[in-house]
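I opened the model to look at one strand, its sheet and the helices around them. My entries follow.

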Amino acid sequence: MKRLLKNLALLCVSVVVGLIAAELIVRVVAPQRPDSVRPLYEPDDYLVFKLRKNLALIYSQFEFVVAESTNSIGLRDREVGPKAPGRYRILGLGDSDSYANGVNLKDTYWKQLEHCLNGSLTHSVEVINCAVPAYSLLQEIRFLKKYGVGLQPDAVIVGFYCGNDFTDSYELFDEEGRPRVRVSENGFLVSEKPGDKIYRGSGLRGKLLPVRTFLATRSQLYIFLRNRLSELLARVGLRSVPPPPDFCAKEFPKTVQKGWDLDQRLLLELKNFVQEHHMRLIVVILPESYQVYESAWNRYLQTFKIDPNLYDLEKPQKLLAEFFTKHEIEFVDVLSAMRSAAKDTRVIYPIDAHMTPAGHQVVAKMLCEYLSRNPVVASSGSR
């Protein structure tokens, strides 16, 4: 028994010494960038959650390192004051793709659009980023009603992300009207939905969050191994391709159909609200990565043994275009432009799966060209 305990102790010491040695080797030979803690949120009774005010942090992942900050009213933007006479103000709504995960503020499509419009128009244009990671269309409309309208916008641009906006609003609350997500004391989103892997705190991965956070912010060996594993999973189609792509199914599953039914009502509600407040509404349709990259879609099909005849990758864009045209809602579809740009540059991060600065540039250019063909008219003064 004593010999067994001695051998176990020796084994433990050997493992610890080996890990310490490996940590030191990685730090010298292949230094890694530690992760940053990202406590973005605070609770809100009406919105469920919103961005915390006056945040300043560095957000780093395998593919990027960016500065993130929020202003005194909880927007990822500069301070926003009263609208100056003659200035045209655009409010930007959306989820993490529009908030711009992995992109500095100046490189977001909001700020690139602002720069483009101010270079082509005779009057001043201001574009304010009101997007929030993990937001649904329902929350975006509520934000506009509670906070956005007070910012006196002339126009509202909504980034509709095909990857999850078909279902997020429907899944935000359970059957009894209780939110399926809450904000933890330290500012993270925690899912209340069993088996949900979207938010921090759910499942085994969520339960291990404190350990993973500790290691990711301190151990370069852990980061090295985690990033290589993530890269490997992405290459074989097991990462950044969340199964199944229900929103591209030729026949929508029940949940997606209910989500789309709710989205249609919400979009009409948004249109009516914007019209009542004498604003302009434009929706930009943002694609999922495997709609842009054929190679990613092919890996997906091979990995999960899926019949491609059951899917139409362009169905979301067709469905939305038909709806917007029928109800006279302005929209910009960037899928073709993203596919074209993707031949020469990376427009979506392979692992993180959000748009790169180049992807944001494509969206900004499309919006700028659209608004140039459909002129922006400055208001005579503040409303």
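Entry 1. I looked at the two faces of strand β10 and found both covered: Arg280, Ile282, Val284 and Leu286 on one side are buried, and so are Leu281, Val283 and Ile285 on the other. Buried means under 20% relative accessible area, with a 1.4 Å probe and protein chains only. The strand spans residues 280-286, and 7 of its 7 residues are buried. Strands are DSSP runs of E, at least two residues long, and helices are runs of H or I, at least four long; both are numbered from the N terminus.

Entry 2. I noted what I was working with. This is a predicted model, in which local features need pLDDT of at least 70 and side-chain atom pairs count only at pLDDT 80 or more, while totals for chains, interfaces and linings use all residues. Residues are numbered from 1 along each chain as its sequence is written, and side-chain values use heavy atoms, leaving out hydrogens and water.

Entry 3. I looked up the neighbours of β10. Strand β7 (residues 155-161) runs parallel to β10, joined by 7 bridges; two strands pair if DSSP finds at least two bridges between them. Val156 stands opposite Leu281 of β10. Strand β11 (residues 330-333) also runs parallel to β10, with 4 bridges, and Val284 has Val332 of β11 as its bridge partner.

Entry 4. I followed the sheet outward. Strand β5 (residues 88-93) pairs with β7 in the parallel sense over 4 bridges, and Ile90 stands opposite Ala155 in β7. The open sheet has 5 strands in the order β6-β5-β7-β10-β11, with parallel pairing. Why do β6 and β11 each have one side without a neighbour in the sheet? β6 (125-129) and β11 stand at the edges with a single partner strand each, so one side of each is left free of a neighbour in the sheet.

Entry 5. I checked a helix pair. Helix α4 (residues 137-146) packs with helix α9 (residues 254-276) at an angle of about 15 degrees, their axes 10 Å apart. Axes are lines fitted to C-alpha atoms, for helices over the stretch in contact, and angles run from 0 to 180 degrees between N-to-C directions. The two helices are therefore roughly parallel, a term for angles under 35 degrees. The contact (heavy atoms within 4.5 Å) includes Leu137 and Ile141 of α4 and Leu266 and Phe273 of α9.

Entry 6. Last, I found helix α14 (residues 357-373) lying across β5, β7, β10 and β11, at about 145 degrees to β10.

Conventions
Buried means under 20% relative accessible area, exposed over 50%, partly exposed in between (1.4 Å probe, protein chains only). Angles under 35 degrees count as roughly parallel, over 145 as roughly antiparallel, 65 to 115 as roughly perpendicular and the rest as oblique.
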